[in-house]
Amino acid sequence: MDPKPQLIVICGPTATGKSDLAVEIALHLQGKAEVISADSRQIYTHLNLGTGKITPQEMRHVPHHMLDIITPDEVYSVAQFKKDGEKVITKVLGQKHTPIICGGTGQYIDALVTNTNFPEVVADETLRSELEEKTLEELLKIFFDLNKDQPHKVDLKNKRRVIRAIEIVKTLGHIPALQSEEIYDVLYIGLNGPDELLRDKIKRRIDVRLEQGMIQESEQLLSQGLITHERMQKLGLEYKFISDLLHKEITLEEFKEKLFFAIWHYAKRQRVWFKKNTNIHWLDISDANLKNKAIELVDEFLK
């Protein structure tokens, strides 16, 4: 039996330095590695500062994929990401390069490294608009009324995913079981750190992005008609609160406070998702030797 193709995954909660480490590893592999982003918002063009998208300078000539592939008004599913991402992986492997999947969207990462088949259910924009008006508690009641006692693996704390689950149940009558197994030989490297350090990094990153013009970037997109306030609300986190700020519903100080807590709660949800994967080699971002430890793992894996 032929060995499975090898790829590397850099994962973990937001603000832990995943993109920087992916670039360092690629440079260490001397042009024989390429980075594939697994971030559910960095796929959009123009959304740069708000999503923390890596800049061309930060890429340091390392090829990056699955960034800027659709416009902000387009709807993009995990099934579509899987199809597009698999094409990139095939191309990278065909060049005898190692794919480095880097990101914090756990569902996107799992979609790429496994043979999971996702239900092909077309988005129902009318239904979605109707459900968006409801609270998470109301959505959960609808979901359980529809799904009854059928098994499922839905993130019940994520409003967007509950809406998608309702959409699937209404179309198929149930949520198909997602039986999957890894189709690659995967090295998982996870980045995490003490709560206090991660909270500090999140706060500092918000300040830096504000200084770089995160709000002005969104204002320009709005003026150019490249995004709407309604779409910003659906994108969540930075864009939701920028929309609220521009509508004068919150002050700048409230913006920073609300955004910090929203990102912190998001980081905790990411931790929960990744902790389910017992194959992840966790590295502490407070460790000054983190980069060398990561490279040792990579060298041993590819040997």
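Among contacts in the protein between residues at least 6 apart in sequence, what percentage join residues at least 24 apart? The figure is 75%. The points below concern a predicted model.

1. Overall dimensions. The C-alpha trace spans about 55 × 50 × 35 Å along its principal axes. The secondary structure amounts to 13 helices and six strands. The radius of gyration is 20 Å, close to the 19 Å that the globule rule gives for 303 residues, so the protein is as compact as a globular protein of that length.

2. Burial and surface. Of the 303 residues, 48% count as buried. The protein exposes about 16000 Å², and carbon and sulfur atoms supply 50% of this area.

3. The sheet. The six strands form an open sheet in the order β3-β2-β4-β1-β5-β6, with parallel pairing. Strands β3 (64-65) and β6 (280-284) stand at the edges; each has a single partner strand, so one side of each is left without a neighbour in the sheet. As a general matter, strands of a sheet pair through backbone hydrogen bonds, either parallel or antiparallel.

4. The β5-β6 pair. At the β6 edge, the partner strand is β5 (residues 185-192), which runs parallel to β6 and is joined to it by five bridges. Within this pairing, Tyr188 stands opposite Ile280 of β6.

5. Helices across the sheet. Two helices may be described by the strands they cross. Helix α3 (residues 78-94) lies across β1 (6-11), β2 (33-37), β3 and β4 (98-102), and runs at about 150° to β4. Helix α12 (residues 252-275) lies across β1, β5 and β6, with an angle of about 140° to β6. Strand β1 is thus crossed by α3 and by α12.

6. Lys53. Is this lysine, Lys53, buried or exposed? Its relative accessibility is 9%, and Lys53 therefore counts as buried, the cut-off for that class being under 20%. Lys53 is placed in the loop between β2 and α2 (56-59).

7. Surroundings of Lys53. A polar atom of the Lys53 side chain lies 3.3 Å from the backbone oxygen of Leu47. With neighbours within four places in sequence left aside, Lys53 is in contact with Gln42, Tyr44, Thr45, His46, Leu47, Asn48, Glu58, Leu67 and Asp68. Leu47 therefore appears in the account of Lys53 both as a contact residue and through its backbone oxygen, alongside the burial of Lys53 at 9% relative accessibility.

Notes. Residues are numbered from 1 along each chain as its sequence is written. This is a predicted model: local features need pLDDT of at least 70, side-chain atom pairs count only at pLDDT 80 or more; totals for chains, interfaces and linings use all residues. Side-chain values use heavy atoms; hydrogens and water are left out. Two strands pair if DSSP finds at least two bridges between them. Helices (H or I, at least four residues) and strands (E, at least two) are DSSP runs, numbered from the N terminus. Contact means heavy atoms within 4.5 Å. Axes are lines fitted to C-alpha atoms, for helices over the stretch in contact, and angles run from 0 to 180 degrees between N-to-C directions. The radius of gyration is taken over C-alpha atoms; the globule rule is 2.2 Å times the number of residues to the power 0.38. Buried means under 20% relative accessible area, exposed over 50%, partly exposed in between (1.4 Å probe, protein chains only). Accessible areas come from the Shrake-Rupley method with a 1.4 Å probe; for residues, only the protein chains shown count as cover. A polar contact is a pair of N or O atoms within 3.5 Å; within protein, one must be able to donate a hydrogen and the other to accept it, and residues adjacent in sequence count only if both atoms are side-chain atoms.
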